[in-house]
Protein chains: 2
Amino acid sequence: MQLLEERILKDGKVFPGNVLKVDSFLNHQVDVELINEIGKEFYRLFKDCGVNKIFTIEASGIGIACITAQYFHVPVVFAKKTLGKNIAADVYSTPIKSFTHGKTYDVIVSQEFLNKDDKILIIDDFLAQGCALNGLIELIKSAGAEIVGAGIVIEKAFQQGGDLIRSEGIRVESLARIESMTDDGKITFCK
Amino acid sequence: MQLLEERILKDGKVFPGNVLKVDSFLNHQVDVELINEIGKEFYRLFKDCGVNKIFTIEASGIGIACITAQYFHVPVVFAKKTLGKNIAADVYSTPIKSFTHGKTYDVIVSQEFLNKDDKILIIDDFLAQGCALNGLIELIKSAGAEIVGAGIVIEKAFQQGGDLIRSEGIRVESLARIESMTDDGKITFCK
């Protein structure tokens, strides 16, 4: 998606260790007009798939999921991160490792909001190692629901998460796929 | 807001200790069509105030803020909760006590995204004791920006947060104001 790639080149900041900061428009300050274009593009890609629910994970996925859901006219469900020791009985839960924060969270969703008849589109801001996306997939499988696919804003295609998940037969559509980043700030996108 | 009050009466669940669960439409599963009506109403209330930025706190405020921001054509900034020990130098931070989780979080926002020329509308899902809202106000004051007001979806008007903040001269507009809740599930709204 050209508009997104241009914005990443203009406002993204690269830090050593393959860190890409896009917090001026995506995940701290949010450019809602840009997210609207992103939502339209996810709709174009998945509009014929019978999606009846969008599923994401707090926090930065929520805004993107809600804007996208306006095009599909479906509700959003967001999984919650918890470090609590007690997991309630009426939730699905799975551990998710966060490389950014160096922690493992239990991520939960109320059983009430994922059902076996659901056709679910996953939306998230980033895909790198695939930990968050794999966790969301596990939660959907626990509910016996159908995964239509995953719409990702930015994929670090030089890490293995996306390819591993695609190899399991899950459709993953990333609007910007980064082939490489250098410590001096050069970003190259996959063709 | 009648549509919202009706929805709270229909789908809200009251638990002992003045707990109101609205997670089937507001803060776990999100009815995006309803949030759209909520966003329109916030726009009606604050459209003449020169708002140039919407400010909220993760996680459940983000979706409401993003949908609302579409009407104002302004960006959203969301404050982040952290339990980390190290606060970076380039952020404003304030502690916020969470009654729901029995913890105190440090809440942070990048100094880059709140500026002294900003005219800020705060958006959040709940107002009860006012801890979160007070924290957001503190962050805005740290930046020297102007607080246009706060748009709240549900206020527990029988708790003191809203009145205390109004008494400081801050405009607080809550779309549903709950006067009382009983343990057997009866909800009464303020007239």
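**Chain contacts, a helix and the cysteines**

Reader: Which side chains meet in a salt bridge between chain B and chain A?

Author: In this predicted model, the side chains of B:K13 and A:E112 form a salt bridge, with 3.5 Å from N to O. The count between the two chains is 2 salt bridges.

Reader: And how many residue pairs are in polar contact across that interface?

Author: There are 11 such pairs between chain B and chain A. On the side of chain B that touches chain A, the elements giving two or more residues include α2, α3 and β7 of chain B. The most comes from α3(B), with 6 residues.

Reader: How much area do the chains bury between them?

Author: Chain B and chain A bury about 2,700 Å², and 59% of that lies on carbon and sulfur atoms. In chain B, the most area is lost by B:H28, B:Q29 and B:F113, together 24% of what that side buries. The contact takes 33 residues from chain B and 33 residues from chain A.

Reader: Turning to α2(A), which residues are buried there?

Author: Among them are A:V32, A:L34, A:I35, A:F42 and A:F46. The helix covers residues 32-46 and reaches 21 Å from its first C-alpha to its last, close to the 21 Å expected. At its start, a side-chain oxygen of A:D31 comes to within 3.1 Å of the backbone nitrogen of A:E33.

Reader: How many disulfides does a search of the whole structure find?

Author: It finds 0 over all chains.

Reader: Why is there no bond for A:C131?

Author: Because its sulfur is 19 Å from the closest cysteine sulfur, in A:C190, which is too far for a bond. A:C131 is partly exposed, at a relative accessible area of 22%.

Notes. Residues are numbered from 1 along each chain as its sequence is written. Chains are lettered from A and ligands numbered from 1 in the order in which they are written. This is a predicted model: local features need pLDDT of at least 70, side-chain atom pairs count only at pLDDT 80 or more; totals for chains, interfaces and linings use all residues. Side-chain values use heavy atoms; hydrogens and water are left out. A disulfide is a pair of cysteine sulfur atoms within 2.5 Å. Buried means under 20% relative accessible area, exposed over 50%, partly exposed in between (1.4 Å probe, protein chains only). Helices (H or I, at least four residues) and strands (E, at least two) are DSSP runs, numbered from the N terminus. The expected span of a helix is 1.5 Å times one less than its number of residues. A polar contact is a pair of N or O atoms within 3.5 Å; within protein, one must be able to donate a hydrogen and the other to accept it, and residues adjacent in sequence count only if both atoms are side-chain atoms. Contact means heavy atoms within 4.5 Å. Buried area is the accessible area (1.4 Å probe) that two parts lose on being put together, summed over both. A salt bridge is a side-chain nitrogen of Lys or Arg within 4 Å of a carboxyl oxygen of Asp or Glu.
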